[in-house]
Amino acid sequence: VDKFKAYVDAYEMDEHLAREGMMMSKIHSVSDKAPIQQLDIKTIDLKEAYYEGGLIRDALYTVEDKAELVRKVVRAIKPQCQIVVTDLIRASDSPGPELKNWMESEPEEVHLWSVDEAQKCLVSVNVLTRITADESG
């Protein structure tokens with residue numbers, strides 16, 4: 001934050017992680033430049049065309065209405081700015097036993113999507129996809 005003279009609004013869906021993250025922000029004296037809040041997707045109200053960019057990192061797999069969250073983030077970034085989305089993607093429609101076990105062990109309900117579903121979602125909110133990469137291997 002200080003190195004790049006940047007301000008960040010960070011959101012975390014897990015209440016405990018949001019609290020811990022904010023504590024780390026305070027410890028490093030950047031809580032005014034990098035506040036971390038718990039995200040409630042239904043009530044989040046981001047300023048329109050306010051941010052220089054957006055990042056959704058490994059979070060959408062827990063969100064049922066992915067398009068709504070992506071739409072809110074896209075509206076919040078300035079025109080011609082970029083959004084980076086990383087997420088867990090399913091390889092097939094029917095999960096194998098290992099994936100099924102992992103999904104059942106997660107504290108939140110898991111809503112995995114395919115690459116095709118992700119592409120369609122991004123297109124539906126007017127995001128031009130330039131790079132897709134499978135980093136599972």
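Ile 27 is exposed in this predicted model, with a relative accessible area of 56%. That puts Ile 27 past the cut-off, since a residue counts as exposed when its relative accessible area is over 50%. The residue sits in helix H1, which spans residues 15–27. Looking back along the chain, Phe 4 is 23 residues away from Ile 27 in sequence, and the two C-alpha atoms are 19 Å apart in space.

Ile 27 also has company at the surface. Together with Met 23 and Met 24, Ile 27 makes a nonpolar surface patch of about 300 Å². Met 23, like Ile 27, belongs to helix H1. With a relative accessibility of 41%, Met 23 counts as partly exposed, because that class runs between the 20% limit for buried residues and the 50% limit for exposed ones.

How far can the coordinates be trusted? The mean pLDDT of the chain is 90, and 99% of the residues reach 70 or more. Helix H1 is where confidence is highest, at a mean of 96. At the other end comes helix H4 (residues 115–124), where confidence is lowest, at a mean of 90. As a general caution, where pLDDT is low, the predicted coordinates should not be read in detail.

Next come the charged side chains. Side chains of opposite charge can pair when their charged atoms come close. The structure holds 7 salt bridges, and one of them brings the story back to helix H1. There, Glu 15 pairs with Arg 19, with 3.6 Å between the closest N and O atoms. The two residues are 4 apart in helix H1, so about one helical turn separates Glu 15 from Arg 19. Both partners count as partly exposed: Glu 15 has a relative accessibility of 47%, and Arg 19 has 48%.

A second salt bridge, this time in helix H2 (residues 66–76), links Arg 71 to Glu 68. Here the closest N and O atoms are 2.9 Å apart. Arg 71 and Glu 68 are 3 residues apart, again about one turn of the helix. Arg 71 is partly exposed, at 29% relative accessible area, and so is Glu 68, at 25%. Elsewhere, salt bridges with shared partners tie Arg 90, Asp 93 and Glu 117 into one network.

What about Arg 57 and Asp 58? Their side chains meet in a salt bridge as well, with an N to O distance of 4.0 Å. Arg 57 is exposed, with a relative accessible area of 59%, whereas Asp 58 is partly exposed, at 35%.

Finally, the strands. Strand E3 covers residues 51–57, and strand E4 covers residues 77–86. The two run parallel and are joined by 6 bridges. In this pairing, Tyr 51 stands opposite Ile 77 in E4. Which way does the chain turn on its path from E3 to E4? It passes through H2 on the way, and this β-α-β crossover is right-handed. Helix H2, the connecting element of that crossover, is also where Arg 71 and Glu 68 lie. As for side chains along a strand in general, they alternate between the two faces of the sheet when the strand is regular.

Terms used. Residues are numbered from 1 along each chain as its sequence is written. This is a predicted model: local features need pLDDT of at least 70, side-chain atom pairs count only at pLDDT 80 or more; totals for chains, interfaces and linings use all residues. Side-chain values use heavy atoms; hydrogens and water are left out. pLDDT is the predictor's confidence in each residue, from 0 to 100. Buried means under 20% relative accessible area, exposed over 50%, partly exposed in between (1.4 Å probe, protein chains only). Patches are made of residues with over 30% relative accessible area and no salt bridge: like charges are joined within 9 Å, nonpolar side chains (Val, Leu, Ile, Met, Phe, Trp, Tyr) within 5 Å. Accessible areas come from the Shrake-Rupley method with a 1.4 Å probe; for residues, only the protein chains shown count as cover. Two strands pair if DSSP finds at least two bridges between them. A crossover is right-handed if, with the strands pointing away from the viewer, the path from the first strand over the helix to the second runs clockwise.
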